[in-house]
Amino acid sequence: MELLNKNLWMTEEDNIVTIGLTPELQDEAGDISYANIASLGNIDVDDTIINVEASKAAIEIPSPIQGKVIERNEKAEDTPSLLNSSDTANNWVVKIQK
């Protein structure tokens, strides 16, 4: 797992990059109560991959890479508290094909 900055972690396998929220972002934002994740399809660097509203802050997070969003963590939109998890199986946001 690679930390891109204090907000995002990233793993890559077979040209598919999974991006999620770091514990530092979770601490900074507080309890996440709302998440709006990017739609499937093409995404450019700095396009928004997720907007979150939390107990301490509302944050818009840009994409660190260009590619095609092929999967979204829809469970996290339905249950935003999953993004506060330390488990990467729950706190991932999108999968982008390079």
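These exercises walk through strands, core, contacts and salt bridges in the structure above.

The model is predicted, so local features need pLDDT of at least 70 and side-chain atom pairs count only at pLDDT 80 or more, while totals for chains, interfaces and linings use all residues. Residues are numbered from 1 along each chain as its sequence is written, and side-chain values use heavy atoms, with hydrogens and water left out.

**Exercise 1. The open sheet**

Find the order of the three strands in the open sheet, and say which strands stand at its edges.

Solution.
- Start with the terms. Helices (H or I, at least four residues) and strands (E, at least two) are DSSP runs, numbered from the N terminus. Two strands pair if DSSP finds at least two bridges between them.
- Read the order. The sheet runs β4-β6-β7, with antiparallel pairing.
- Pick out the edges. β4 (32-37) and β7 (58-62) each have a single partner strand, so one side of each lacks a neighbour in the sheet.
- Add the twist. Neighbouring strands here are turned by 15° against each other on average, direction ignored. Axes for such angles are lines fitted to C-alpha atoms, for helices over the stretch in contact; angles run from 0 to 180 degrees between N-to-C directions.
- Check one pairing. β4 and β6 (residues 48-54) run antiparallel and are joined by five bridges. Ile-32 stands opposite Ala-54 in β6.

**Exercise 2. Strand β3 and its partners**

Trace the pairings of β3 with β2 and β9, then place Thr-18 among its contacts.

Solution.
- Take β2 (residues 8-13) to begin with. β2 pairs with β3 in the antiparallel sense over six bridges. Glu-12 faces Val-17 of β3 in this pairing.
- Look at the connection. β2 and β3 form a hairpin with two residues between them. In the turn, Asp-14 has a positive phi of about 55°.
- Turn to β9 (residues 92-97). Five bridges join β9 to β3, and the two run antiparallel. Thr-18 stands opposite Lys-95 in β9.
- Assess cover. Buried means under 20% relative accessible area, exposed over 50%, partly exposed in between (1.4 Å probe, protein chains only). Five of the six residues of β3 (residues 16-21) are buried.
- Finish with Thr-18. This residue of β3 is buried, with a relative accessible area of 13%. Contact means heavy atoms within 4.5 Å. Leaving out residues up to four places away in sequence, Thr-18 touches Trp-9, Met-10, Thr-11, Trp-92, Val-94 and Lys-95.

**Exercise 3. The core and Ala-29**

Identify the residues that touch the most other members of the largest nonpolar core. Then describe the surroundings of Ala-29.

Solution.
- Define the set. A nonpolar core is a set of buried Ala, Val, Leu, Ile, Met, Phe, Trp, Tyr and Cys residues joined through side-chain atoms within 4.5 Å.
- List the best-connected members. The largest core has 25 residues, of which Ile-19, Leu-21, Ile-49, Ile-50, Ile-61, Leu-83 and Val-94 touch the most other members.
- Assign the sources. β2, β3, α1, β4, β6, β7 and β9 each supply at least two residues of this core. β6 gives the most, with four residues.
- Zoom in on Ile-50. Beyond four places in sequence, its contacts include Leu-21, Ala-35, Ile-37, Ile-59, Ile-61, Leu-83 and Val-93.
- Move to Ala-29. Ala-29 lies in helix α1 (residues 23-29) and counts as buried at 0% relative accessibility. Outside its neighbours within four places in sequence, Ala-29 contacts Ala-54, Ser-55, Lys-56, Ala-57 and Ile-59.

**Exercise 4. Salt bridges**

Locate the three salt bridges and state which residues share partners in one network.

Solution.
- Set the cut-off. A salt bridge is a side-chain nitrogen of Lys or Arg within 4 Å of a carboxyl oxygen of Asp or Glu.
- Take Glu-12 and Lys-98. Their side chains meet at 3.2 Å, N to O. The pair links distant parts of the chain: Glu-12 in β2 and Lys-98 in the segment after β9, 86 residues apart. Glu-12 is partly exposed at 44%, whereas Lys-98 is exposed at 54%.
- Go to Arg-72. Arg-72 is buried, with a relative accessible area of 18%. Its closest N and O atoms are 3.8 Å apart in the bridge with Glu-74, and 2.7 Å apart in the bridge with Glu-77.
- Check the acids. Glu-74 is partly exposed at 48%, and Glu-77 is partly exposed at 24%.
- Join them. Shared partners link Arg-72, Glu-74 and Glu-77 into one salt-bridge network.
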